[in-house]
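This briefing goes through one protein chain by topic. Please have the sequence and the model open side by side while reading.

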Amino acid sequence: MGPDLLHLSAAGVSLVLDCRGPGLPSVAHWGAALDDVSAELLVAVAPQPIGFSVDGTVRPSLLPEQSSGWLGSPGLAGHRDGRGWATAFEVTTVESADDAVHLEAVDATAGLKVRIDLELQPAGVLRGRAAVTGTAPGTFWLEHLTLFLPVPEHATELLDFTGHHLRERQPQRTAFTQGLRVRENRTGRTGYDSAYLLCAGTTGFDNRTGEVWALHTAFSGGARSIAERTYHGWSALGGGELLLPGEIGLAEGETYQTPWVYAGYSATGLDGVSSRFHRYLRSRPHHPATPRPVVVNTWEAVYFDHDLARLSELARAAAAIGAERFVLDDGWFGSRRDDTSGLGDWFVSPAVWPDGLGPLVTEVRGLGLEFGLWVEPEMINPDSELARAHPDWIMSTGARLPREARHQQVLDLANPAAFDCVLGRLDALLTAYDIAYLKWDHNRDLVEAGHPGSGRAGVHDQTLAVYRLLDELRARHPGVEIESCSSGGGRVDLEILERTDRVWASDCIDAHERVSIQRWTSLLIPLELIGSHVGAPASHTTHRTLPLSMRAGAAIFGHLGIEWDLTRASAEEISEMSDWVRLYKSLRPLLHTGELVHADVTDPAYSVTGVVSADKTDALFAIIATGTSAAYPPGTAGLPGLAENRTYHVRPQPPGDVADGNAAAWGAALPWCTPTGVRLTGRTLGTVGLRLPVLYPDRVLLVRVTAAGLPPEGSTPAGLLPEGSTPAANEFGPGTAAVGEA
Ligand code: DGJ
């Protein structure tokens with residue numbers, strides 16, 4: 001049918017497929033690039049036939065089957081009224097290129113055909129998907145279709161993610177022991193607690209060290225991510241959709257397609273995996289290419305208290321501070337004066353906006369800002385005109401309504417009438433007003449989410465309908481950007497990002513919490529896609545009070561926004577916030593194209609995060625303390641990712657150069673932390689690094705690293721203090737950035 005062996009290779013990654021058959025190909029190698037691949041490799045890695053198993057060699061395929069002798073979890077599960085549950089696919093066609101393989105295989109007995117697509121992207125990210133088609137009369141009931149990629153046995157540890165509202169994507173590490181670890185998401189959205197990026201790595205793998213194999217299941221409905229290790233010496237990661245009972249029944253000629261499963265390999269720890277995913281995402285033709293505008297979002301400023309005069313004042317404050325996009329959040333439509341009613345009625349509320357949104361849009365546009373609008377198109381409040389008119393559009397099993405969540409239910413968008421109604425309203429709003437941006441929210445889990453007429457499970461259909469809705473709106477309004485929000489960061493995945501331009505990482509804007517939420521969100525997606533806002537001094541969700549330097553210093557490592565009633569901020573706060581906005585604008589070309597790096601810091605209270613420009617001539621690092629240091633004074637940390645042989649000028653970056661460290665109060669200022677700074681090579685900075693400053697908990701110190709010897713060496717890059725000058729004083733006097741020792 002084709003060659004015995006296929007080798008895809010890109011950017012230091014190789015995938016070698018053993019196609020000798022008789023069944024579907026198996027993976028002989030996925031990992032570091034190989035340059036001498038021959039059929040001998042297949043012999044070298046072929047497992048030894050063992051006693052009391054099936055006779056001969058057992059090589060599990062990309063969709064492992066019992067017919068190959070495999071007794072772990074199957075790639076395809078399903079049946080035709082109890083038959084056809086065990087398959088033995090025979091490959092019929094293979095099309096391959098240097099960077100892709102597409103193959104088809106049939107099992108006439110089971111009445112099924114499968115197609116597998118594998119693509120190795122130039123950044124070294126592998127993505128794969130499978131499709132199964134019924135080829136016989138009757139119905140094949142599919143339980144799941146899961147694509148597997150084996151990893152070597154020396155991947156001994158697993159890292160995946162969990163979380164909840166206000167604390168999304170938190171890491172959890174376990175040993176990669178024998179058995180099956182299945183991370184299921186049954187929330188009907190990607191989930192705060194999705195496995196996100198399931199990583200298997202060598203013992204102790206960290207930001208910069210160890211081999212890592214990582215898998216992301218790109219779907220915004222139910223998903224399964226799997227790590228399996230068996231006593232047969234087989235270790236693998238797998239991904240696919242979580243299907244509900246009876247959700248997919250394939251009649252003859254009908255096809256089910258899995259989501260894309262993305263996989264990244266790195267020989268240099270987690271940063272290497274991120275680098276591949278970020279390069280891949282940035283290479284997409286629709287990746288946001290314009291400077292990411294500074295957003296002012298109204299939610300934590302006014303909540304449901306919509307008032308033209310007040311919001312116009314906020315817009316003027318936003319413009320004065322340098323913001324570029326003004327987003328009107330929840331509360332502008334129907335009876336939506338609080339969260340108990342109105343969802344579904346996508347008409348501007350005449351009670352609150354008697355002249356429509358026009359006056360506000362005109363004010364905002366006149367100030368030179370883009371206008372953005374919040375919507376939650378998939379949802380419906382039982383207390384709404386829409387629900388009263390179409391109670392039959394609410395998802396349910398048919399027998400009863402699901403329990404409400406935030407007083408709302410889910411609209412059955414697989415129903416063409418409901419779909420057209422929502423599409424029509426959104427289209428009308430985008431046509432009527434000069435709207436550049438939609439914040440697309442989704443505020444409940446899908447519970448008992450069936451099609452109300454048939455009662456059949458509907459999460460799969462709903463998810464695809466949402467994709468179609470987004471695609472259609474983007475086709476009709478190509479200039480409009482869309483943010484994926486789901487009660488904060490409940491819908492962050494690579495398939496929603498095929499049709500959105502930003503994710504809202506969390507409703508928790510507290511910078512202390514955000515340090516971790518953003519670090520782990522950015523494991524998969526680059527900073528320019530991560531909405532990151534400066535909130536009020538006292539966080540609304542944690543009641544923690546933090547200085548602006550910490551709130552803004554953490555927020556600039558993302559797509560910056562402000563979610564704070566600026567009309568109530570002091571003149572000093574406005575002035576300082578303006579400085580941060582200026583800094584973000586000057587740094588966004590670096591932050592949104594550069595390589596994200598993280599030092600391996602042993603002190604649990606400290607992190608060192610940096611972005612190094614593609615040409616390695618410029619970098620910004622943030623030294624952040626979220627607690628008191630283990631050692632006093634703290635130790636050193638490397639600044640990774642710089643060009644080894646290049647000399648760099650290292651100095652604090654205002655306004656993040658005064659971190660209110662208590663060293664200045666009770667001890668000596670930190671010697672390197674002056675506008676004069678130090679000049680060291682990238683190798684020295686990577687291996688020895690810098691002495692960490694003594695910081696109060698929840699403080700950030702920014703460090704700018706610019707290549708020495710290149711123009712404008714001798715001049716001072718925008719925002720940096722001239723050498724020899726004295727930095728701004730903090731509450732204790734000279735601050736950590738003071739020159740010399742006290
Ligand atoms: C949840 C979102 O995450 C918030 O930012 C806000 O838009 C509210 N919904 C509005 O109801």
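Two strands count as paired if DSSP finds at least two bridges between them. The model is predicted. In it, β31 and β32 form a hairpin with five residues between the strands, where Lys616 takes a positive phi near 60 degrees. The points below start with the sheet that holds this hairpin, then turn to a helix, salt bridges and backbone details.

**The six-stranded sheet**

- Six strands make up an open sheet with antiparallel pairing, in the order β30-β31-β32-β37-β34-β35.
- At the edges are β30 (595-598) and β35 (678-681), each of which pairs on one side only.
- From one strand to the next, the twist averages 25 degrees.
- Strands of a sheet pair through backbone hydrogen bonds, either parallel or antiparallel.
- Four bridges hold β30 and β31 together in the antiparallel sense, and Val597 has Gly610 in β31 as its bridge partner.
- β31 is joined to strand β32 (residues 618-625) by seven bridges, again antiparallel.
- Gly610 also stands opposite Phe621 in β32.
- Strand β31 (residues 606-612) is mostly covered, with six of its seven residues buried.
- Toward the other edge, strand β34 (residues 647-652) runs antiparallel to β35 and is joined to it by four bridges.
- Tyr648 faces Leu680 of β35 across this pairing.

**Helix α11**

- Helix α11 (residues 571-591) has 21 residues and spans 28 Å from its first C-alpha to its last, close to the 30 Å expected at 1.5 Å a residue.
- There is a bend of about 35 degrees in α11 at Lys585, and the proline Pro589 follows within four residues.
- The buried residues of α11 include Met577, Trp580, Val581, Leu583, Tyr584 and Leu587.
- Polar or charged side chains are also found among the buried residues of α11, including Ser578 and Arg588.

**Salt bridges**

- The count of salt bridges comes to 45.
- Arg183 pairs with Asp160 in a salt bridge, the closest N and O atoms being 3.2 Å apart.
- This pair links distant parts of the chain, 23 residues apart: Arg183 is in strand β12 (residues 179-185) and Asp160 in strand β10 (residues 157-164).
- Both Arg183 and Asp160 are buried.
- A salt bridge also joins Arg502 and Glu483, with 2.7 Å between the closest N and O atoms.
- Here too distant parts of the chain are linked, with Arg502 in strand β27 (residues 502-504) and Glu483 in strand β26 (residues 481-484), 19 residues apart.
- Buried means under 20% relative accessible area, so Arg502 counts as buried at 1%.
- Glu483 counts as buried because its relative accessibility is 2%.
- Glu644 and Arg683 meet through their side chains in a salt bridge of 3.5 Å, N to O.
- Glu644 lies in the loop between β33 (636-637) and β34, and Arg683 lies in helix α13 (residues 682-687), 39 residues apart.
- Glu644 is partly exposed at 46% relative accessibility, and Arg683 is partly exposed at 40%.
- Glu104, Arg115, Asp117 and Arg129 are joined into one network by salt bridges that share partners.

**Backbone details worth checking in the model**

- The peptide bond from Tyr632 to Pro633 is cis, with omega near 5 degrees, and Pro633 sits in the loop between β32 and β33.
- A cis peptide bond also runs from Pro654 to Pro655, with omega near 0 degrees; Pro655 is in the loop between β34 and α12 (663-666).
- Leu166 is not a glycine, yet has a positive phi of about 80 degrees.
- The position of Leu166 is in the loop between β10 and β11 (167-175), and the residue is partly exposed, at 23% relative accessible area.
- Arg406, also not a glycine, has a positive phi of about 50 degrees.
- Arg406 belongs to the loop between α6 (385-389) and β24 (409-410), and is partly exposed with a relative accessible area of 27%.

**A contact in space**

- Val45 is in helix α1 (residues 39-45).
- Val45 and Ala28 are 17 residues apart in sequence, and their C-alpha atoms are 6.9 Å apart in space.
- With a relative accessible area of 42%, Val45 is partly exposed.

Terms used. Residues are numbered from 1 along each chain as its sequence is written. This is a predicted model: local features need pLDDT of at least 70, side-chain atom pairs count only at pLDDT 80 or more; totals for chains, interfaces and linings use all residues. Side-chain values use heavy atoms; hydrogens and water are left out. Helices (H or I, at least four residues) and strands (E, at least two) are DSSP runs, numbered from the N terminus. Axes are lines fitted to C-alpha atoms, for helices over the stretch in contact, and angles run from 0 to 180 degrees between N-to-C directions. Buried means under 20% relative accessible area, exposed over 50%, partly exposed in between (1.4 Å probe, protein chains only). A salt bridge is a side-chain nitrogen of Lys or Arg within 4 Å of a carboxyl oxygen of Asp or Glu. The expected span of a helix is 1.5 Å times one less than its number of residues. The bend at a residue is the angle between axes fitted to the seven residues ending there and the seven starting there.
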